[in-house]
Amino acid sequence: MAAGLDEDTVRTLQSGRDTLGSMLGAAQSHLQKVFLVWVFALLATIMALQSFLWDQLRDDLLYEKMGPELSEAAEIIAVTPFDVILLQFKIGAVVGIIVALPLLIWYSRDALRERGKWPNEKLPTWQVAAMVTISLSLFAGGILYAYDLFFPLMFEFLAGNARQADFQPHYSIVKWVGFVALLALSFGLAAQLPLVMSALSYSGIVPYETFRDNWKWAVVIIFAFGALFSPPDPFTQVMWATPLVGLYAVSLGISKLLVLTKRAGEVVDATDVARARWNKLAAAAVLAGGVTYYVVASELFGYIREAVAFVSTSRSVEDVARPAWFGLSSTETTALIAAVVALAAALFVLYYYMVKELDVAAAEAGNFGDPTAIDLGELSAGAVRSAPREAFEELSEAEALQLADDAMSEDDPEKAELILDRWDTANEDDGEAAAEGDAEEEEDAGVLTSTTAGVVDSFTEEETTEEDIGGYYYDIAFILDSLTSKAIWLVGTFMLVAGSAFVFLYQGGIGRIKRIFVANLPATMQADVQFITLHPVEHLVFIVKFSTILGIVSALPLLVYFAWPALLERGWVKGDRGVLGIWGFTVIATLIGGTVGGFIYIAPAIISWLAFDVLNSGMIISYRVAKFGWLVLFLTVGIGLLVEIPITMLLFHRGGIVTFQTIQERWRTVTLGVFAASALFSPKGIFTMFLIAVPVTLFFLVGLGLLWLYTFGGRREPEPEREPAD
């Protein structure tokens, strides 16, 4: 294995092993203490889980926002006899590691210092304590948001959505805890954003301006991570991403304050700023606190009640009352909320004026940061003289004259003259810089043209062969480039089909399918057939996968049709392109026909027959949603795809794309490929592999037999190749 790794990777692994060995060697005399701490945390966690924690977690996270009917339907179950005890041990072991790891690192600090992994200079205790406290507080804040708001609302929504589809939300305790732990960890780590951004900005590793200028990309990335970590529905994605977007805005504000403080040399005191602007701070506090108190205490609170009832399906307007926290009355709690809002408003105004004065102080010190963000009106004459040219390039003539006029009004003629002189100089330099820029662009264009020509020449057909990786790369790039102008059709087809399927299934279509499929059973047996979701998002994940498969299958013929000219030019295909249009229509027709036929006749009969056999044996049916869904898929859409196999073979032979002779020569390879693909993509288990591979192989052999008859044993040649359509 080591021979397959590069030297840097080997050195990194060796360094990690040496460091771990040094840590354990240095802490050898204290390992017993570390182990005892781990054991104590393990046992304490198991005892807490057994005594009260399981019930507390279930009540707070699962049932908190649910109505009586939904609470009765939602349950947490153990699928195997050892689920609970093993899960308790795993949780306790992880908690023990988290508790014991800092102790191990502390006892190993001398060994880490010798290897350069521990700072040599002694940091002040208060700085270390403050950093740890802030980090833990942010982590706890993220967990608290998830615990008190996100999880209760999310599980209410997911369980309600499952019940709407006539599914039982019976969550496996292993899957439920894993789901909760992953999301809680993601919230805790996401809450570290202010600390990370502030540290990166203050140290200069990532300038503050980079975070500020790329905020749009940050929002996109946050929502992308929300789609990754949260369940696949818009409601919970917004609940995951929206607080993080707000946290990013707060982080920008903190980073800006720290960076400006560093650039200004810490010459601005918050107390002095508050004293100088006390009237504005007081006005903001009174206004914000008064409005908050009026909204909560007056009839306007009715709109809040209606909004909460709209979001929470299990609550009515009457269930939402005015807050009464910490044993206080409703009026006292409202006053407390108003006081907190008033304090926040005053701090925001203080922050605004702090940033404004720090910006001026940083400019006075010659540390301008972003030149285009400088407020020239706040600078002294000396700072205007040393300000960067970019600050004046952003000004229009009218703005420059207004700044000069304001300086004269403040009895500062030197500043007014400097503003006008710097503006004139910047605009004169702009003309010269534009001329130089044009010349540089022409020179760069010449270099780029020659370089591009050399690169293209190196990938021409004369210089490369099929075995050359560069040739294949050029071919693929050429084909993808040919699809650029057709991307709207491909994406539109995929989104239309996938979106329609998702909306239908999401709005209860999957529940209607379930009721139709068990309708053939006797009425006395139908009540004993139920479908459960072991994972909180199992039914949503199935809906997304099913919709995606339909979208891909629908867009595939269009993709091949549009890519055909480029594939033909590169020599990857041959034959008549017009056949692809017919093929696309047959794909859609067989999908629709197979779905309708399977939905009406085949799937209900088979599923009802299977269920009847189970119920007749005195058992209770609890099918998993995903397993039931894939069975429905194979018995509806799968039937259409099976029928499409011989049709595709006939059409491709007639168009000269893949002839009968080619298929006949390679039928063994195709058969092995079908079984390999079934083993890879089918649900686990050799039985399900055969359930997929055997029907596909049989229909492939049927197609081969039909082709043998059509070609009179291979003696009839395919239709002559026609010119491809544009």
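**Close-up 1. The contact between α4 and α7 in this predicted model.** Here D83, V84, L87 and I91 of α4 meet I173, V174 and V177 of α7. Sorted by class, this contact has six nonpolar residues, one charged residue and no polar ones. The axes of α4 and α7 are 10 Å apart, and the two helices pack at an angle of about 25°. An angle of that size makes α4 roughly parallel to α7, because angles under 35 degrees count as roughly parallel.

**Close-up 2. α7 again, this time with α2 as its partner.** From α2, the residues W54, L57, R58, L61 and L62 take part, and they meet I173, W176, V177 and V180 of α7. Eight residues of this contact are nonpolar and one is charged, while none is polar. For those who like the geometry, α2 and α7 pack at about 65°, and their axes lie 13 Å apart. That angle makes α2 roughly perpendicular to α7, since the class called roughly perpendicular covers 65 to 115 degrees. The crossing of α2 and α7 is left-handed. If you have just come from the previous view, look out for I173 and V177, which belong to the α7 side here and also meet α4.

**Close-up 3. The second largest pocket and the helices that line it.** This pocket holds about 930 Å³ of space. Its lining is made up of 28 residues, and those nearest the pocket centre are I91, V95, V180, A181 and A184. Four elements each give two or more residues to the lining: α2 (31-62), α4 (83-107), α6 (125-164) and α7 (173-190). Which of them gives the largest share of the lining? That is α7, with eight residues. In terms of chemistry, the lining divides into 25 nonpolar residues, two polar ones and one charged one. Two residues near the pocket centre, I91 and V180, may look familiar from the earlier views: I91 is among the α4 residues that meet α7, and V180 is among the α7 residues that meet α2.

**Close-up 4. The largest cavity and its lining.** A search of the whole structure turns up one cavity of 30 Å³ or more. About 30 Å³ of space lies inside this cavity. The residues around the cavity are N161, A165, L505, Y506, G508, I510 and I543. Helix α21 (residues 487-517) gives the most to this lining, with four residues. Five of the lining residues are nonpolar and two are polar, with no charged residue in the set.

**Close-up 5. Helices α24 and α26 packed against each other.** Helix α24 spans residues 578-616 and helix α26 spans residues 637-654; their axes are 7 Å apart and the angle between them is about 150°. This makes α24 roughly antiparallel to α26, as angles over 145 degrees count as roughly antiparallel. The crossing of α24 past α26 is right-handed. On the α24 side, the contact is made by V579, L580, I582, W583, T586, V587, T590, L591, G594, T595, G598 and I602. On the α26 side, the partners are V637, I639, G640, L641, V643, E644, I647, T648, L651 and F652. What classes do these contact residues fall into? The contact of α24 with α26 has 14 nonpolar residues, seven polar ones and one charged one.

How values were computed. Residues numbered from 1 in each chain as written. Predicted model: local features only at pLDDT ≥ 70, side-chain atom pairs only at ≥ 80, totals over all residues. Heavy atoms only, no water. 1 Å grid on protein atoms, 1.4 Å probe; cavity = no way out; pocket = protein on both sides within 12 Å on 5 of 7 lines; lining within 4 Å. Points joined across faces, edges and corners; volume = space filled by probe spheres on them. Nonpolar A, V, L, I, M, F, W, Y, C, P; charged D, E, K, R; others polar. Axes fitted to C-alpha atoms, helices over the stretch in contact; angles between N-to-C directions. Left-handed = near helix turned anticlockwise from the far one by under 90°. Contact = heavy atoms within 4.5 Å.
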